[in-house]
Every structure is written in C-alpha cells, then in structure tokens.
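User: I should like to learn how to read the surroundings of a bound ligand in a structural model. Could you guide me through an example?

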Amino acid sequence: MGKNILVTGATSGFGRAIAKKFAENGYDVCITGRRSDRLETLKKELEQNNVHVIALNFDVRNRDEVEQAAKELSAKIDSLDILVNNAGLAAGLATIDEGDVDDWDTMIDTNVKGLLYVTKMMLPLIKKSEQGHIINIGSTAGKVTYLNGNVYCATKYAVEALNQTMRIDLLPYGIKVTAINPGMAETEFSIVRFKGDEDKAKGVYDDLQPLKAEDIADVAFYTASLPAHVCINDVTMTCTNQANSTYTIRNKDLIK
Ligand code: NDP
Ligand code: 8X3
C-alpha cells in the first residue's frame, strides 16, 4: 500500500503546494480547508497524478467538525502516515493596546487550538502507521518577536513549544515530529492579515525575493523522505533577503 498524508489548510499557499508535491510523488492525499470550491478544484488536479484524494471540508477551530472529519477519514483509510498542521493565519498587525480582541481570538483558536484539535483527533490513525510523522508549520515569528506581532508571535511560540513537547509525548510510538519555521513567503498570508488589502500585502514583499510556497513544500518533502531512524526536529528557513523576524534587506540596499 502507498503512503498517505493529510494537509490542513490545503486551499492556498504552503498547504496547497505541499499537497501537490506529495501527490506528484505518489502519495495519497487528504486535503482540508473551509473553502469547499477550492478543495474540489484541487482534488481534481491532484487526481491527475493517479493518487487517491480525499477532501475534508472543516474549520479547524470547530472541535465537533474536526471530530466528525476524523471519523469520516477513519472510515476511508486504515492509517495515516503524515499529518501536516499547516492551517493558520495572522489577523491584523498592531500593538497590544491597539489590537483587535476578535483578531486575537481568531489567531489563538486557529493556530493553537485548531492545531491541537486536529493532532489529537488524527493521532489514533497516525499511531496505526508503520512510520507516523507530524509536521508542524511554525514561523520565524515563533523564534524572534517583532513590533506589532504580539499575539501572532505568541501563537507561533506556542507551536514551537507544542512541537517540542509532542516529540517527547510521542516518542514511545516512534512518531517523528518536525517543525518547519519559514520567514516571509508570498502566499495569501498578508492579504488575510491585512483583511483583503492587496496593495498593503504586496508592499511587504516589495523589492525583495520572498520564499515561495514551493520552497516550503520541498523542505517538507525532504523531511518526510529520510530513513526511519532520522527525525529532523526543526528547520528554520528564510529568503536570502531576511536574517530573522526583524532583519530584512531590500534589494536596493544590498552591497554589490
Ligand atoms: P494562506 O493564507 O495562503 O493559507 C492559509 C491556509 O490555512 C488556507 O488554506 C486556509 O484555508 C487555511 N485556514 C485558515 N484558517 C482556517 C480554519 N479556521 N480552518 C481551516 N483552515 C484554515 O497562508 P500560508 O500558506 O502562508 O500559511 C500557512 C501557514 O504558514 C500558516 O500557519 C501561517 O501562519 C504559516 N506561515 C506563513 C508564512 C508566510 O509568510 N506566508 C511564514 C511562516 C509561517 P481556508 O481559508 O479555505 O479555510
Ligand atoms: C509569517 C512570517 O514575518 O509575517 O509567519 O511573521 S511573519
């Protein structure tokens, strides 16, 4: 039987690129997200690789929906080899005194609680895999904080802590746990952060070459392609224009 993978937040950005990369390499893929039209389009596209594709339409913040999705998946597959906890977002960019409490709730509910719900409910299937692997998408924001990043950074620091603790908790089951912590990458991330303001989103990447979703997919695939005894704990990756969350250089300022 071939290997399989579940990717949360596969309707855009990293998740979509990761789903494509693994499908192109023969993995059966389970794609999830809230936008069902996008899931259906992606399902058809991935099936061109002659792999089995399951689309599960749920909101990671909704515990009942996650539980229902795990039940539905258990009826279709016997085990799950790889779970990629990718669904997530930043909402807003403001100081603590100016920040929107609803934005905070959205980020904490999605990036932390959503990741926990999905992990907990998919673990019975992962434990049945011969070589289970959980890949958590963190961020450079979970390594170094930055002005106005407060709650988003806090959620990614939480992912960092969960990545480490999950690896300890799941050690007896031989389940690998890997964090991929990217820096700035041009996806729909900034459009979501700035509530649809595409010009503001574009400005983030002005005059530099950000990471592409495919770069993250390549690294995810690499970490999943290593021998059974090798577990990459943590990969922090930035574009060459970025050193960490606070140091970025625009091309015009490069010393030639
Ligand atoms: P995108 O906005 O392009 O994709 C985000 C994905 O998450 C979408 O598929 C979206 O699907 C899904 N998602 C968001 N909220 C929910 C929810 N409540 N339930 C289910 N799915 C949800 O952004 P990226 O691909 O850039 O982001 C992916 C991850 O990478 C996030 O965790 C982000 O924090 C992290 N990251 C991003 C970086 C960047 O610079 N782009 C850098 C470092 C980390 P849908 O809306 O259909 O539900
Ligand atoms: C996304 C990268 O720099 O916007 O996690 O926090 S950043």
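Analyst: The discussion below takes the two ligands in turn. Please note that this is a predicted model.

User: Which residues come nearest to ligand 1?

Analyst: One begins with the shell of residues around the ligand. Here 30 residues surround ligand 1, and Thr11, Ser12, Arg34, Tyr152 and Thr187 come nearest. By class, this shell divides into 12 nonpolar, 12 polar and 6 charged residues.

User: Which polar contacts does ligand 1 make, and how much of its area does the protein bury?

Analyst: A polar contact is a pair of N or O atoms within 3.5 Å. The side chain of aspartate 59 has an N or O atom 2.8 Å from a nitrogen atom of ligand 1, and a backbone N or O atom of valine 60 lies 3.0 Å from a nitrogen atom of this ligand. An N or O atom in the side chain of tyrosine 152 is 2.7 Å from an oxygen atom of ligand 1. Taken alone, ligand 1 exposes 880 Å², of which the protein buries 97%.

User: Which elements give two or more residues to the shell around ligand 1?

Analyst: They are helix 1 (13–24), helix 5 (150–169) and helix 6 (189–193).

User: What surrounds ligand 2?

Analyst: The same reading applies. Ser139, Ala141, Tyr146, Tyr152, Phe189 and Arg193 surround ligand 2. Polar side-chain atoms of tyrosine 146 and tyrosine 152 each lie 2.6 Å from an oxygen atom of ligand 2. For arginine 193, a side-chain N or O atom is 3.4 Å from an oxygen atom of the ligand. Ligand 2 exposes 240 Å² when taken alone, and the protein buries 83% of that.

User: Where does ligand 2 sit?

Analyst: Ligand 2 sits in the largest pocket, and the space taken by ligand 1 is that largest pocket.

Key:
Residues numbered from 1 in each chain as written. Chains lettered and ligands numbered in written order. Predicted model: local features only at pLDDT ≥ 70, side-chain atom pairs only at ≥ 80, totals over all residues. Heavy atoms only, no water. Near = heavy atom within 4 Å. Polar contact = N/O pair within 3.5 Å; in protein donor to acceptor, adjacent residues only side chain to side chain. Areas by Shrake-Rupley, 256 points an atom, 1.4 Å probe, with all protein chains shown as cover. 1 Å grid on protein atoms, 1.4 Å probe; cavity = no way out; pocket = protein on both sides within 12 Å on 5 of 7 lines; lining within 4 Å. Sits in = over half its atoms within 2 Å of the grid points. Helix = DSSP H or I, 4+ residues; strand = E, 2+ residues; numbered from the N terminus. Nonpolar A, V, L, I, M, F, W, Y, C, P; charged D, E, K, R; others polar.
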